[in-house]
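Colleague: Please give a close account of the pockets in this model, together with the parts of the chain around them. A first-year student should be able to follow it.

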Amino acid sequence: MKSFIGKRAIASGVSLVVLIVIVFFLSRLTGDPTDLYLPIDATTEMRQQFREMNGFNDPLIIQFGRYVADLAQGSFGQSLRQARPAMDVVLEAFVWTFWLAVITMTLVTVAAIVIGSLAAFRVGGVFDRLATFFSLIGAAAPDFWLAIVAIVIFAVKLHVLPTSGTGTFWHWVLPVSVLFIRPFGLILQVVRGSMISVLSSAYVKTARAKGVRSNSIIFVHGLRNAMLPVITVIGDQAAAILNGAVVVETVFGFPGIGKLMIDSILLRDFAVVLAVIMVSALAIFIMNLLIDIAYALLDPRIRY
């Protein structure tokens, strides 16, 4: 297991380095940020001074070398917009996204596993048909449309929920609800399909013949063996939210890492963009590592 984790860490590190190089040079192609941070009537001398102070006059390869040197010293640069360390800005936003992902994926995982397992127990029944119908609709519904419809109905028409902010419990209801729908539909379908396969196996039929209770068959004997493909989908969906639910955070004005990324790209805040990429890549690596560990715990063949 240690050697496997080491190999994954090395592969992830190489991928991160390549990603940082690509993003660094591509972000510079968006143009000079000077005009975005100085007044329209700024003089040529003021513009030249701003570029010189931030190193934008140097060739790109020199700028990249300076960035790498700063990284080696643990510095991720300064945010042009907020005039403070870029990593501090990113970590503040990441905390909001982290809790949004934890709350959403906890609700999604519990609901999808329970409903998907019960639907698989009686394939073709009324409950199975309803669960399949609504999960397919949820998996296909675009986030931006759901977010706009939710705002129109619950904020504009009914005036029962706020449209943005994070101050109270009610501010979290709409973002969590919208983010809940798509992963719920996807995971429920995977749980249902995997459980149908497991429940038709010989050992489950033997358990039924021995008179084992339905709840034990579903949640004790069946679910453990059905979880391997489910874990992969859960990990992918969690990583997607952790890396910034860009559309939902933007529509609801949620101060997460996705909205920060969009704002920083538009304002050419290069240091923040690179810091977001680094934190996001690290989140993906940790999520994939947790998935591998969960695989090993569930399947001894993988462990050994």
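Modeller: Helices are DSSP runs of H or I with at least four residues, strands are runs of E with at least two, and both are numbered from the N terminus. The model is predicted, so local features need pLDDT of at least 70 and side-chain atom pairs pLDDT 80 or more, while totals for chains, interfaces and linings use all residues. Residues are numbered from 1 along each chain as its sequence is written, and side-chain values use heavy atoms, without hydrogens and water.

The protein chain contains 14 helices and zero strands. Its C-alpha trace spans about 85 × 55 × 30 Å along the principal axes. Of its 304 residues, 40% are buried (under 20% relative accessible area with a 1.4 Å probe, protein chains only; over 50% is exposed and the range in between partly exposed). Among contacts (heavy atoms within 4.5 Å) between residues at least 6 apart in sequence, 73% join residues at least 24 apart.

The second largest pocket (an open set of points on a 1 Å grid over the protein atoms alone, where a 1.4 Å probe fits, with protein on both sides within 12 Å along at least five of seven lines; lining residues have an atom within 4 Å of a point) holds about 210 Å³ of space (the space filled by probe spheres on points joined across faces, edges and corners). Its lining consists of 14 residues, of which Phe98, Val102, Ala238, Leu242 and Met287 are the closest to the centre. Helix 5 (86-121), helix 10 (214-242) and helix 13 each give at least two residues to this lining. The largest share belongs to helix 5, which supplies seven residues. By class, twelve of the lining residues are nonpolar, two are polar and none is charged (Ala, Val, Leu, Ile, Met, Phe, Trp, Tyr, Cys and Pro are nonpolar, Asp, Glu, Lys and Arg charged, and the others, Gly among them, polar).

The largest pocket encloses about 430 Å³ of space. Among the 18 residues that line the largest pocket, Arg28, Asn54, Gly77, Gln78 and Ala271 lie closest to its centre. Two or more lining residues come from each of helix 1 (2-28), helix 3 (44-54), helix 4 (60-72) and helix 13 (270-298). Helix 4 has the largest share of this lining, with four residues. The lining of the largest pocket is made up of ten nonpolar, five polar and three charged residues. Helix 13 thus contributes to the lining of the largest pocket and also to that of the second largest pocket.

Helix 5 also packs against helix 8 (residues 169-199), at an angle of about 35 degrees and with the axes 6 Å apart (axes are lines fitted to C-alpha atoms over the stretch in contact, and angles run from 0 to 180 degrees between N-to-C directions). The contact of helix 5 with helix 8 involves 26 nonpolar residues, three polar ones and one charged one.

Helix 6 completes this account. Asp128 has its place in helix 6, and Asp128 counts as buried because its relative accessibility is 3%. Leaving aside residues up to four places away in sequence, Asp128 touches Ala119, Arg122, Val123 and Arg192. Val126 is found in helix 6 as well, which covers residues 126-140. Val126 has a relative accessible area of 66% and is therefore exposed. From Val126 to Pro142 the separation is 16 residues in sequence and 26 Å in space, C-alpha to C-alpha.
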